[in-house]
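Good morning, and thank you for the time on today's agenda. I would ask everyone to turn to the sequence and the structure as I put them on the screen.

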Amino acid sequence: MAATNVKRVFVEKKSGFDVEARKLFAEFTDVLEISGLVNVRVVNRYDVEGITEEDYLNVRYLVFADPAVETVVEESFPFDADSKYFGVELLPSQYDQRADSTAQIIELLCRKKPIVKVAKIIILEGDLLDDDFERIKRYLINPIESQEVDLTLSKPDSLATAHRTPGKVAVLDGFCKLDKVQLAAFHESMGLAMSLADLTFCQEYFNSTEKRDPTITELRVIDTYWSDHCRHTTFLTELKDVQFEEGKYATPIIKAWDQYLSSREFVYGDQPKDICLMDIAVIAMKECRKRGLLDDLEISNEINACSIIVEVDVNGQNEEWLVMFKNETHNHPTEIEPFGGAATCLGGAIRDPLSGRAYVYQAMRITGSGDPRTRIEDTLPGKLPQRTITLGAANGYSSYGNQIGVAAGQIHEIYDEGYIAKRMELGAVIAAAPRKNVIREEPVSGDQIILVGGRTGRDGCGGATGSSKEHTEESLATGGSEVQKGNPVTERKIQRLFRKTHVSRLIKKCNDFGAGGVSVAIGELADGLFIDLN
């Protein structure tokens, strides 16, 4: 076999320091009720390319392992023939923070960034039945984000990922001529988040206005923009026939409805305006503003976070500051990938005031979950166990919050069987910035748009449309790339960068790069743009 430049390192915690292994042993024996298990070992396997032998020896016990608490085995691991073992790694589409952090640290020490890939090996000792072994693997491997590693394969010759060069953007020839049955079949085959009625509207537009067939990119961009995640189609749907059932709360609900209709008349007068859930939610604020009761509200065409103007005593001098509020739900992502979903619920909420050039000081989290003590065997088909979702989400939220350095002043978890079908994951934050630091102006021709942040992989592609689709049994198997993997360390750097007055005042308009991707993040900045994706 040809020589390889890839170095392979196995790292295992010594007895007494093997906290993760002990935790897994307790879960396998208590939760999965596996009786024949005697011991669990956890080994992290690192594959590294692009580092010299000298540099590797210098960083071996600085980066990969601490010799006081960990053992290191190089190239091949001496597995016990009497033990059962398997490896787990993140899917190629998912951001791996451990691998990225390892590569960054080596780059700081050696002035050259290597390629690093990481896998976790679980070794199970004891008298274990094959069925118990498979149950453990199903419990640990979430197909939405990870896969089993074939440990019989030798290490690869290279870790570099081969990227396919995209072909010419496809034109959907014949799209405008599809009849109703063909259009419905096309809608189903494309897995679009938009409804068939939306797709019919698009067909009529391209047929009558553009007089041409669309490209696949145009339909995908429209699908993203029109997703419930980005456009709030559910909340903006017109309500034409509102009826109230008799019951305990009928009287106060009808009274609130009558107050809403009265507020609408005061706010809009004869101006036509759809009745919808969004209008019901914001009508009280609109009335307060029209009555002159919201003089402290900052009015801006940047709509990332609610912003109010307050006076702050700074070392004895009064200064005008902007205080910003934002909440975010991540129900669907947390349902199918608990750690990453809850982590980006907090990270996504932070991004909004951050794009307003504010620093986030406080956070809160409210969740709805089924009983996490429910037996694994009683999990609904196509669902993750409630315990897996609940604990994974808690770990994801705390991991992101601790790394970015934001205090959570309120954590409230609701356990109710109503949340078994669909989890609730809600994050909210409060942020602030000196008002003088925030310039809000309209972009003009010649202005430059810069993307700032961590490099993105395929993780998150289709995030907005994915979270807007109906959740089915197939979601776990098909939604892998739809879950974002946040990078809290990079977001923390941007928070600190934006605290610098001379940096913030360079920005005329800013938007957060969320599930809508490039098309929405940049497209909301101006009416027309040239985008160079290279």
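I will speak about salt bridges, then about one helix, then about a surface patch, and lastly about a few loop residues.

Please keep in mind that what you see is a predicted model.

I begin with charge. Side chains of opposite charge can pair when their charged atoms come close. How many salt bridges does the structure hold? The total is 36.

One of them joins the side chains of Arg365 and Glu425, with a distance of 2.6 Å from N to O. Arg365 belongs to strand β9, residues 359-369, while Glu425 belongs to strand β11, residues 424-434, so this pair ties together parts of the chain that are 60 residues apart in sequence. Are these two partners buried or exposed? Arg365 has a relative accessible area of 3%, so it is buried. Glu425 is buried as well, at 0% relative accessibility.

Glu425 has a further partner, for it also forms a salt bridge with Arg423, where the closest N and O atoms are 3.0 Å apart. Arg423 in turn pairs with Glu413, and here the closest N and O atoms lie 3.8 Å apart. Glu413 sits in strand β10, residues 407-415, and Arg423 in the loop between β10 and β11, with their positions 10 residues apart in the sequence. With a relative accessibility of 22%, Glu413 counts as partly exposed, because buried means under 20%. Arg423, at 3%, counts as buried. Elsewhere, salt bridges with shared partners join Asp132, Arg135, Arg375, Glu377 and Asp378 into one network.

I turn now to helix α6. This helix runs over residues 196-210, which makes 15 residues. From its first C-alpha to its last, α6 reaches 20 Å, close to the expected 21 Å.

Which residues of α6 are buried? They are Asp198, Leu199, Cys202, Gln203 and Phe206. If you look down the axis of α6, these buried residues fall within an arc of 145°, so they line one face of the helix. The face turned away from that buried side carries Ala197 and Thr209, which are exposed. What covers the buried residues of α6? The cover includes α5 (180-190), α7 (216-225) and α8 (228-231).

Just after α6 comes Lys211, whose phi is positive, at about 55°. Lys211 has this positive value although it is not a glycine. This residue lies in the loop between α6 and α7, and Lys211 is exposed, with a relative accessible area of 64%.

Next, the surface. A nonpolar patch is formed there by Phe235, Leu239, Val242, Phe244, Tyr249, Ile253, Ile254, Leu277 and Ile280. Together these residues have about 740 Å² of accessible area. Which helices each supply at least two residues of the patch? They are α10, residues 250-268, and α11, residues 277-290. One member of the patch, Phe244, is found in the loop between α9 (233-236) and α10. Phe244 has a relative accessible area of 34% and is therefore partly exposed, since that class lies between 20% and 50%.

I close with two further loop residues. The loop between α4 (130-140) and β6 (146-149) contains Glu145. At 17% relative accessibility, Glu145 counts as buried, because the limit for that class is 20%. With what is Glu145 in contact, leaving aside its neighbours within four places in sequence? Its contacts are Glu89, Leu90, Leu91, Gln94, Glu337 and Lys485.

The second residue is Arg111, in the loop between α3 (97-110) and β5 (115-126). Phi of Arg111 is near 65°, a positive value in a residue other than glycine. Arg111 is exposed, with a relative accessible area of 69%.

To gather the main points: the predicted model holds 36 salt bridges, the buried residues of α6 line one face of that helix, and a nonpolar patch with about 740 Å² of accessible area lies on the surface. Thank you for your attention.

How values were computed
Residues numbered from 1 in each chain as written. Predicted model: local features only at pLDDT ≥ 70, side-chain atom pairs only at ≥ 80, totals over all residues. Heavy atoms only, no water. Salt bridge = Lys/Arg side-chain N within 4 Å of Asp/Glu carboxyl O. Helix = DSSP H or I, 4+ residues; strand = E, 2+ residues; numbered from the N terminus. Buried < 20%, exposed > 50% of the residue type's maximum accessible area, 1.4 Å probe, protein only. Expected span 1.5 Å × (residues − 1). Arc of directions from axis to C-beta. Contact = heavy atoms within 4.5 Å. Patch = residues over 30% accessible without salt bridge, like charges linked within 9 Å, V, L, I, M, F, W, Y side chains within 5 Å. Areas by Shrake-Rupley, 256 points an atom, 1.4 Å probe, with all protein chains shown as cover.
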